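Morning, everyone. I have one structure to walk you through. Please look at the screen.

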Amino acid sequence: MGRVVIIGFMACGKSWWSKKLSESLQIPMYEIDDIIIETENRTIREIFTEEGEAYFRNQEEKALQSLPLDCIVSTGGGVVEREPNRNWLKKPENFTIWLSVPFQQCYSQLVVGDNRPQLTRKKLEEMWRFRQPLYRECADTELQLITLDKLISTIKRRKHV
Ligand code: S3P
């Protein structure tokens, strides 16, 4: 079936919906942030502070390239920042679903913890705006009102699961 890749801004629900999909379709799920944390043996906040964003983005790119076929992939919100990652998302074996959630909703769900850099609301909103066309460019489909049934029917229409 290839991969189902979930993209979207921080706190739009990528991990939550990916887990639900993985349980429901009985397909393994990979969380890109978790692969990086395991490989680096430190938190994302530490990686950003100690090495800078460019280093993190390199690790993100490597993690994507390491994925097997036939899985659900939950990406980090910034995956679309790098051109090689955008090209990877557009590969024919990836069915990329954009969870398109308004900024205010993402912001209200956003918990700043070890896995996110500390950013102001203004900066986050700028990032959200900047990334909208990038998510659109990479997505095979955009979902605004997300339910498990809708996700599954979208995938089944595209892939033989
Ligand atoms: C980032 C989003 C985070 C994580 C890192 C950078 C971003 O993932 O990859 O903190 O630049 O949007 P979530 O989207 O799961 O929060």
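I'll go through strands, a helix, two loop residues and then the ligand. Keep in mind that this is a predicted model.

Let's begin with the strands. Find β1, residues 3-7, and β3, residues 71-74. They pair in the parallel sense, over 4 bridges. For one position to look at, take V4: it stands opposite I72 in β3. Now find β2, residues 29-31. Strand β2 also pairs with β3 in the parallel sense, here over 3 bridges. Which residue of β3 is the bridge partner of E31? It is S74. So much for the strands.

Next, helix α1. It runs over residues 14-25, which makes 12 residues. Let's check its length. A helix should gain 1.5 Å a residue, so α1 should span 16 Å. The C-alpha atoms at its ends are 16 Å apart, so the expected span and the model agree.

Which residues of α1 are buried? They are K14, W17, S18 and L21. Now look down the axis of α1. The buried residues fall within an arc of 105 degrees, so they line one face of the helix. What covers them? The cover includes the strands we just saw, β1, β2 and β3. It also includes β4, residues 94-99, and α8, residues 148-158.

Step off the end of α1 and you reach Q26. Residue Q26 sits in the loop between α1 and β2. Its phi is near 55 degrees, a positive value in a residue other than glycine. Is Q26 buried or exposed? Count the other C-beta atoms within 10 Å: there are 8, so Q26 is exposed, as the cut-off for that is 12 or fewer.

Now compare D70. This residue lies in the loop between α4, residues 53-65, and β3. Phi of D70 is near 55 degrees too, again positive in a residue other than glycine. D70 has 14 other C-beta atoms within 10 Å. Buried needs 20 or more and exposed needs 12 or fewer, so D70 counts as partly exposed.

Last stop, the ligand. Which residues are around it? Going along the chain, we have M10, K14, D33 and I44, then G76, G77 and G78, then N115, R116 and P117. By type, that shell divides into 3 nonpolar, 4 polar and 3 charged residues. Spot K14 in there: it is around the ligand, and it is also one of the buried residues of α1.

That's the tour. Thanks for listening.

Terms used
Residues numbered from 1 in each chain as written. Predicted model: local features only at pLDDT ≥ 70, side-chain atom pairs only at ≥ 80, totals over all residues. Near = placed C-beta within 6 Å. Nonpolar A, V, L, I, M, F, W, Y, C, P; charged D, E, K, R; others polar. Pairing = 2+ DSSP bridges. Expected span 1.5 Å × (residues − 1). Arc of directions from axis to C-beta. Contact = placed C-beta atoms within 7 Å.
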